Amino acid sequence: MQHKNHFSIIGTGAVGGYYGGLLQRAGFDVHFLLHHDFDHVREHGLRIDSINGNFHLPHIQAYDDPGKMPRCDVVIVALKTTANSALSDILPHVIHDDSIVLTLQNGMGSDEEIAALVGSNRVLGGLCFLCSNKVAPGHIRHSDYGLITLGEYQAGGKPGGITPRLEKLGADFDSTGIPITLVEDLALARWKKLVWNIPFNGLSVTRNVLTDQLVKNPETRALCEILMAEVAAASAACARPIEPAFITKMIADTERMEPYATSMKLDFDRGRPMEVEAIYGTPLRAAKAKCVSMPETERLYHQLCALNPTH
């Protein structure tokens, strides 16, 4: 009988709370690290309101101290990248000799950061196409989508291929009802996610609108398409070409999406630091290293830097 993975969730917010909740509901052993709402969740559990069916987990294995957590087979990092400085104090407590660390974080650079702490051979990357928000302590609202794209991280950005451990993890998620895509090239997948994140996260902040308004307004829709084309050009310069049809699909998917406040807009509205470096700064530097200009992306980056809370 194949060993059943045990999971720890580092960051029980809109992403970690939703996917971790699905894993526990499906019968996996899951341990959740929380911060602000630890006391509430320990007493009341975790509530998930989802388009796929609401559910409540009255008892979860909740921790506010990583030193008290067990060492698990799969450690899922679902913190905002702005909190990654805490990982050096967290990860050594929750991994064992054969643990893998899956980062479900936005933008670029988190794979490298985590590899520097635990070793490249432990790291898997995941990209979430998910509309989910934390609306109250211990309360997650999932309004659309849910796909996770999984890939192996390789130092230097080489394609990692589809490995047995990637297939096993994909099967675990699939058994919970989470849609899964396995990719051979994690770096390409990250660039493709930025095709959506760069226009919609940033413009939702600078224009103070939801995603539906960005695609309905001809001026912002055109700007979204310019930003997407800049990301595709940078990706191609990094030997990761993105087909034009993918941009068309991202616009169409957003048109079908429920009106949505992006994670960056929610952070800004709540006075929290935004993930500006992971989503904008790191890709811009990668493009510059290949002598590719991204003028509209750089303009948006500087606007967001000026707006970003300093705390």
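Buried means under 20% relative accessible area, exposed over 50%, and partly exposed in between, with a 1.4 Å probe and protein chains only. The exercises below concern a predicted model, in which local features need pLDDT of at least 70 and side-chain atom pairs count only at pLDDT 80 or more, while totals for chains, interfaces and linings use all residues. Residues are numbered from 1 along each chain as its sequence is written, and side-chain values use heavy atoms, with hydrogens and water left out.

**Exercise 1. Classify Leu166 as buried or exposed, and describe its surroundings.**

Step 1. Leu166 belongs to helix 5 (residues 164-175); helices (H or I, at least four residues) and strands (E, at least two) are DSSP runs, numbered from the N terminus.

Step 2. The relative accessible area of Leu166 is 0%, so this residue is buried.

Step 3. A contact requires heavy atoms within 4.5 Å. With neighbours within four places in sequence set aside, Leu166 has contacts with Leu124, Leu150, Gly151, Glu152, Gly161, Leu182 and Val183.

Step 4. Between Leu166 and Asn208 there are 39 Å from C-alpha to C-alpha, at a sequence separation of 42 residues.

**Exercise 2. Determine which residues have the most contacts inside the largest nonpolar core, and which elements each supply at least two residues of this core.**

Step 1. A nonpolar core is a set of buried Ala, Val, Leu, Ile, Met, Phe, Trp, Tyr and Cys residues joined through side-chain atoms within 4.5 Å.

Step 2. The largest such core comprises 40 residues, and Trp191, Val195, Phe200, Tyr280 and Leu304 have the most contacts inside it.

Step 3. At least two residues each come from strand 8 (123-136), helix 6 (186-206), helix 7 (211-216), helix 8 (218-237), helix 9 (244-256), helix 11 (276-289) and helix 12 (295-307). Helix 6 gives the largest share of this core, eight residues.

Step 4. Val195 serves as a worked case: beyond four places in sequence, its contacts are Met228, Val231, Ile242, Phe246, Ile247 and Met250. Another core, of 33 residues, lies apart from the largest one and includes Phe7, Ile100, Leu124 and Leu150.

**Exercise 3. Describe how helix 11 and helix 12 pack: at what angle, and how far apart are their axes?**

Step 1. Axes are lines fitted to C-alpha atoms, for helices over the stretch in contact, and angles run from 0 to 180 degrees between N-to-C directions.

Step 2. The axes of helix 11 and helix 12 are 10 Å apart, and the packing angle is about 140 degrees.

Step 3. Helix 11 contributes Val276, Glu277, Tyr280, Gly281, Leu284 and Arg285 to the contact, and helix 12 contributes Thr297, Glu298, Leu300, Tyr301, Leu304 and Cys305.

Step 4. Cys291 is located in the loop between these two helices, helix 11 and helix 12. Its phi is positive, about 60 degrees, although Cys291 is not a glycine. Cys291 is exposed, with a relative accessible area of 75%.

**Exercise 4. Count the aromatic pairs, and classify the pair of Phe7 and Phe173.**

Step 1. Rings of Phe, Tyr and Trp (its six-membered ring) pair if their centres lie within 6.5 Å; planes under 30 degrees apart count as stacked, over 60 as edge-to-face and the rest as tilted.

Step 2. The count under this rule is six aromatic pairs.

Step 3. For Phe7 and Phe173 the ring centres are 6.3 Å apart and the planes stand at 55 degrees, so this pair is tilted. Phe7 is in strand 1 (residues 6-10) and Phe173 in helix 5, so the pair ties together parts that are 166 residues apart in sequence. Both Phe7 and Phe173 are buried.

Step 4. Trp196 and Phe200 form a stacked pair, at 4.9 Å centre to centre and 20 degrees between the planes. These two residues, Trp196 and Phe200, are four residues apart in helix 6, about one turn of the helix.

Step 5. Phe129, Tyr145, Trp196 and Phe200 are linked into a cluster by ring pairs.

**Exercise 5. Establish whether Asn208 is buried or exposed, and where it lies.**

Step 1. Asn208 is situated in the loop between helix 6 and helix 7.

Step 2. Its relative accessibility is 55%, so Asn208 counts as exposed.

Step 3. Although Asn208 is not a glycine, its phi is positive, about 55 degrees.
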